[in-house]
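Please read the following report alongside the sequence and the three-dimensional view, looking at the sheets, the helix packing and a few single residues in turn.

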Amino acid sequence: MEVKEIRFDTVSKETYGGKNIIYGAGYNGKLLLEKLHERKVSVEAFYDDDKSRWGEDFCGKRILSQSQFAEYDKKLTNIFVSSMYIGQITAKIKEMGFQKVYASLDLLLEKDSEDFKFNKYTGNQDYIRDLEYLLDVSQDSLTKKYFGLIRETVLKGRAIPEIVDLYCGEKQYFLSCFKGKLDGLNFLDGGAYTGDTVREMCEEGIYPGMVYCFEADDRNYRKLVEYRNSSKNKEYIVCENSALWDCRTKLGMKFENYNARIDTGAKETTVETVTIDEYFSNIKTGFIKMDIEGAERRALAGGMKTIKRDRPILAVSIYHGLEDMVGIPKILMNELERYSFVVRHHSYTYSETVLYCVPKELGIL
């Protein structure tokens with residue numbers, strides 16, 4: 001099965017016969033749907049790996065369940081991958097037997113150029129020096145390649161296709177070197193969404209102590225609780241409808257549902273915040289995952305006492321903005337002693353980059 005790139009300059013309603021399904025019901029899926037509609041290409045439905053969304057309406061289209069998706073003709077149905085996880089998704093589609101698969105990497109990179117605004121940092125010498133510092137101190141080859149590519153991208157002022165070469169193929173948050181080393185640890189899941197990381201943990205055969213899930217968006221939180229209540233391991237899962245921050249306060253939210261994030265200027269939707277240091281004052285942490293849409297630095301500042309006390313493994317997203325790409329590594333490298341630091345890139349675009357920080361005494365990295 002060959003994955004073909006969608007060339008929108010030549011797309012028309014005659015290009016794709018049969019049924020058309022978009023794989024990935026998120027912002028990128030909405031963007032792809034709009035592009036296809038502009039060219040009179042009809043889309044039957046969406047499919048998404050998030051089971052909690054099966055049966056929902058998204059952009060006027062149904063999100064299929066896995067069984068509904070599997071009923072489509074494997075030879076005639078066109079699958080358009082909107083997600084940044086092209087490698088992982090392609091493998092799943094191939095296993096299901098579909099033969100006509102298309103990706104939109106050019107469209108995703110164009111979106112990254114617009115979202116990250118690389119060109120605004122092209123002449124920022126302080127930022128370039130920070131990247132060069134991280135290049136110098138990084139001891140891992142893939143980590144060096146990452147900071148080197150971000151430097152090249154900033155200098156060119158746009159997203160470049162070489163980002164694909166950094167895709168590591170490892171499970172996000174659960175690297176192969178962690179296998180057998182995480183059982184019994186208390187997990188902090190910052191940005192728990194609807195429970196996807198907890199589900200992944202179960203699929204990986206990890207047996208934690210307790211899992212403390214923090215999800216700020218109310219709708220996602222309700223789905224998270226539904227998942228917890230239906231789980232056979234529900235006594236080990238704690239759900240909190242709070243945002244992680246550096247102080248206890250109330251903050252605004254924007255982009256609810258699949259892309260909810262803190263917005264200090266928003267008034268209509270608000271969320272209570274909590275600090276890691278306060279919440280875990282009497283609870284030992286062993287693993288901290290953070291994917292909280294740009295609030296990572298504030299959350300780390302509110303948890304540094306706990307992190308230094310317990311010396312957990314950290315898996316922190318650094319892709320929510322160019323400042324995070326250098327700011328979070330600099331902070332943690334300066335604050336944490338006797339830790340190993342590696343960056344792993346888990347998608348085909350500039351998203352889903354994680355900084356892993358592992359205490360050297362664990363002998364994992």
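The report below describes two open sheets, a smaller set of paired strands, the packing of helices, and three residues in their surroundings.

This is a predicted model, in which local features need pLDDT of at least 70 and side-chain atom pairs count only at pLDDT 80 or more, whereas totals for chains, interfaces and linings use all residues. Residues are numbered from 1 along each chain as its sequence is written, and side-chain values use heavy atoms, with hydrogens and water left out.

## Sheets and strand pairing

Helices (H or I, at least four residues) and strands (E, at least two) are DSSP runs numbered from the N terminus, and two strands pair if DSSP finds at least two bridges between them. One open sheet has seven strands in the order β1-β7-β6-β2-β3-β5-β4, with mixed pairing. Its edge strands, each of which pairs on one side only, are β1 and β4 (57–58). At the β4 edge, two antiparallel bridges join β4 to strand β5 (residues 61–64), and F58 stands opposite K61 in β5. Helix α3 (residues 86–96) lies across β1, β2, β6 (78–81) and β7 (100–103), and runs at about 160° to β6.

Another open sheet, likewise of seven strands and mixed pairing, follows the order β10-β9-β8-β15-β16-β18-β17. Here the edge strands are β10 (237–240) and β17 (339–345), each pairing on one side only. Neighbouring strands of this sheet are turned by 15° against each other on average, with direction ignored. Within it, strand β15 (residues 287–290) runs parallel to β16 and is joined to it by four bridges, with I288 standing opposite L314 in β16.

Strand β14 (residues 270–274) takes part in two further pairings. With strand β11 (residues 243–244), β14 pairs in the parallel sense over two bridges, and L244 has V274 as its bridge partner in β14. With strand β12 (residues 250–254), β14 runs antiparallel and is joined by three bridges, and the bridge partner of G252 in β14 is T270.

## Packing around helix α5

Two packed helices are described by the angle between their axes and the distance between the axes. Axes are lines fitted to C-alpha atoms, for helices over the stretch in contact, and angles run from 0 to 180 degrees between N-to-C directions. The table gives these values for the two partners of α5 described here.

| Helix pair | Angle | Axis distance |
|---|---|---|
| α5 (residues 125–137) and α12 (residues 322–335) | about 45° | 10 Å |
| α5 and α6 (residues 141–156) | about 160° | 8 Å |

Helix α5 is therefore roughly antiparallel to α6, while α5 and α12 are oblique to each other; angles under 35 degrees count as roughly parallel, over 145 as roughly antiparallel, 65 to 115 as roughly perpendicular and the rest as oblique. The crossing of α5 and α12 is left-handed, and so is the crossing of α5 and α6, a crossing being left-handed if the near helix is turned anticlockwise from the far one by less than a right angle, and right-handed if clockwise.

Contact means heavy atoms within 4.5 Å. Towards α6, the residues of α5 that meet the partner include Y127, I128, L131 and L134, and those of α6 include F147, I150, V154 and L155. By class, this contact of α5 with α6 has nine nonpolar, one polar and four charged residues. Ala, Val, Leu, Ile, Met, Phe, Trp, Tyr, Cys and Pro count as nonpolar, Asp, Glu, Lys and Arg as charged, and the others, Gly among them, as polar.

## Three residues in context

Two residues belong to strand β16 (residues 313–317), one of them being S317 and the other I313. S317 is buried, with a relative accessible area of 0%, and I313 also counts as buried, at 1% relative accessibility; buried means under 20% relative accessible area, exposed over 50%, and partly exposed in between (1.4 Å probe, protein chains only). Leaving aside neighbours within four places in sequence, S317 is in contact with Y173, M290, D291, E296, I328, T353 and V354. With the same exclusion, the contacts of I313 include F178, L182, F287, I288, V358 and L362. The C-alpha atoms of I313 and Y339, 26 residues apart along the chain, are separated by 9.2 Å.

G18 is found in the loop between β1 (3–5) and β2 (20–23) and counts as exposed, at 55% relative accessibility. The C-alpha atoms of G18 and S231, which are 213 residues apart along the chain, are separated by 38 Å.
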